[in-house]
Amino acid sequence: MQALHRLALPLASLTALGLLASDLYLPAIPVMAAELGASIPSAQATMALFMAALALSQLAWGWAADHFGDRRTIMAGTVLLGGGSLVCAMAPGIDWMLAGRLLQGLGAGAATVAVPALIRRRFNEANAVKALAMVAMAESTIPAVGPVAGAAIVLYADWRTTFWLIAAMSLLLLPLVARIVGRAPAPASAHPAATPAQRGYAPLLRNRRYLRYALSYALMFGALLMYVASAPVLVTHALGLGIEAFAILQICGVLAFMLGASAAVRLVKRLGQQWLVRSGTLLQFLAGAGLMGMAVAGLAGTRGLVALAVLAALFCGGLGLRGPATMGGALHAAGDDAGKGAGLLMFLAFACVAGATQLVAPFLHYGLLPLGALLFAMVSASALLLPR
C-alpha cells in the first residue's frame, strides 16, 4: 500500500496539473481578450483549441507510451505543458496565445494516457483500481477549484500569472515524477521483434473485451460532461435560478465523486471490481430516471435545485464507484498494449463528450427531459456493453 501511495499521489498531481491548465485561466478570458486586442470568440477559441489538442493527442501519446515507455512519455508531455504555458504567459497577441494553448493541450494529453498505463503495468488488477481511484479523486477537485482560484488571481494579480504558475508547477513536478517513476522495463511493443501490427491499434480494435470496457467507460464519461456542459443553461432556464446554482451543483457532484472513489479504494479487494461496477451503474440509473421524473413533475426554483443536487450526487457518486474499475478492466484487457489502450479509451471518451453535447444542445430549451432521456440512454448502453 505504501508503494501504491508513493507512485499514485505524484502521478495524480501531474494529471491534475494538466486539467488545471485547462480552466485556471477561464475567469481571465475577458481581461485577456481586451489586453491582447482580441474578440471574445477568438479568446474563447483558446479553450476549444486546448480541448481539441487534448483529444487528438490521445492516440499519439498512447502509441508513444508503449513504444518509448511511460517515463519518457510523461516527461515529454510535462515539458510541452510547461513550454506551452511559458508561450501563453509571454504572448504578445492572440496568435501566440493560441499557439501556446495548442502546446499546452498536447502536453496535458500525455498524463491522461501514460499515467493509467503506468499504473496498470506496476500493479495487479485490484491495486490498479485503487491507484486509478486516487488519481480520479485528485482530478475531480479541479473543475471546482480551478475557476475559483483563477478568479482570485485575476482580482489580485495579472492574468498572465495563471500561466506562470502552470509553468512553475510543471518545472517543480518534472524531477519529482522522474525520480518516483524511475526506469520501468521497456514495453513489449518496443522490442525489436515486435511486428508492425503489434505497434499499432489493430490488435485493440479486434479485442472485444477491451472494446466493451472502453466504450462503456466512454459513454459514462460522455454522459457526465454532457450534463456539466448543459447544467448552466438548465439552472437558468429550466429552474429559473442564477448561475450560482451551477456552482452548488458542481460542489455536490465533486464531493459525491470523491466519496464514491474513496469507497472504491476501500472496497475493491473485499467486494471486487464487479460489485463496484454494478453498484455505481445502479446509482447512475437512479439519477437518469430521477432526472426524467423531475422534468415530468415540473420542479423548479429551490425545490428543483435540491432535487437536481441529489441527482447529481447520485450520478457522480456512481461514477466514483465504477469509473476506476471500468477503466481498470479495459487496461487489464489491453495487456501489453496498456499505453495504446489508455489512449484509445480517452479518445473515445472525448469523442463521446463532443457527440453527446452537440446532440442535446438543440433541445435544451425544452427543459430537463431531453437531457435526462439521453443521460439514461447512455447509462443503459454503458451497462449493456460491460462484459459479463
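How many helices and how many strands are there in the chain? The chain holds 16 helices and 0 strands, and the model described here is a predicted one. Of its 388 residues, 53% count as buried. Among the contacts in the chain with a separation of 6 or more, 84% are made by residues 24 or more positions apart. On the outside, the chain exposes about 16,100 Å², and carbon and sulfur atoms supply 71% of that area.

**The nonpolar interior**

The largest nonpolar core has 103 residues, and those that touch the most other members are I74, I119, Y210, M226, L276, L345 and M378. Helix α14, which covers residues 301–334, gives the largest share of this core, with 16 residues. A second core, separate from the one just described, has 15 residues, including A28, M32, A38 and I94. To see what surrounds one of the well-connected members, take L345: when its neighbours within four places in sequence are left aside, L345 is in contact with Y210, A214, Y217, M327 and A330.

**Pairs of aromatic rings**

The count of aromatic pairs comes to 5. In one of them, the ring centres of F221 and F350 lie 6.0 Å apart and the ring planes stand at 85 degrees, so the pair is edge-to-face, an arrangement that requires an angle over 60 degrees. Because F221 lies in helix α11 (residues 208–237) and F350 in helix α15 (residues 338–360), this pair ties together parts that are 129 residues apart in sequence. Both F221 and F350 are buried, and ring pairs also link these two with Y217 into a cluster.

Another pair is formed by F285 and F376, whose ring centres are 5.6 Å apart and whose planes meet at 55 degrees, so the pair is tilted. Here too distant parts of the chain are linked, since F285 is in helix α13 (residues 273–297) and F376 is in helix α16 (residues 368–385), 91 residues apart. Are F285 and F376 buried or exposed? Each falls in between: F285 is partly exposed, with a relative accessible area of 25%, and F376 counts as partly exposed at 27%.

**The salt bridge**

How many salt bridges does a search of the whole structure find? The search finds 1, in which R160 is joined to E35, with the closest N and O atoms 3.3 Å apart. R160 lies in the loop between α7 (142–156) and α8, while E35 lies in helix α2 (residues 29–36), so the pair ties together parts that are 125 residues apart in sequence. R160 is buried because its relative accessible area, 16%, is under 20%, whereas E35, with a relative accessible area of 43%, is partly exposed.

**A nonpolar patch on the surface**

L86, M90 and W164 make a nonpolar surface patch of about 300 Å². W164 belongs to helix α8, which spans residues 161–181, and this residue counts as partly exposed at 41% relative accessibility.

The table gathers the accessibility values of individual residues.

| Residue | Relative accessible area | Class |
|---|---|---|
| R160 | 16% | buried |
| F285 | 25% | partly exposed |
| F376 | 27% | partly exposed |
| W164 | 41% | partly exposed |
| E35 | 43% | partly exposed |

Note on methods: Residues numbered from 1 in each chain as written. Predicted model: local features only at pLDDT ≥ 70, side-chain atom pairs only at ≥ 80, totals over all residues. Heavy atoms only, no water. Phe/Tyr/Trp six-rings, centres within 6.5 Å; stacked < 30°, edge-to-face > 60°. Helix = DSSP H or I, 4+ residues; strand = E, 2+ residues; numbered from the N terminus. Buried < 20%, exposed > 50% of the residue type's maximum accessible area, 1.4 Å probe, protein only. Patch = residues over 30% accessible without salt bridge, like charges linked within 9 Å, V, L, I, M, F, W, Y side chains within 5 Å. Areas by Shrake-Rupley, 256 points an atom, 1.4 Å probe, with all protein chains shown as cover. Salt bridge = Lys/Arg side-chain N within 4 Å of Asp/Glu carboxyl O. Contact = heavy atoms within 4.5 Å. Core = buried A, V, L, I, M, F, W, Y, C linked by side-chain atoms within 4.5 Å.
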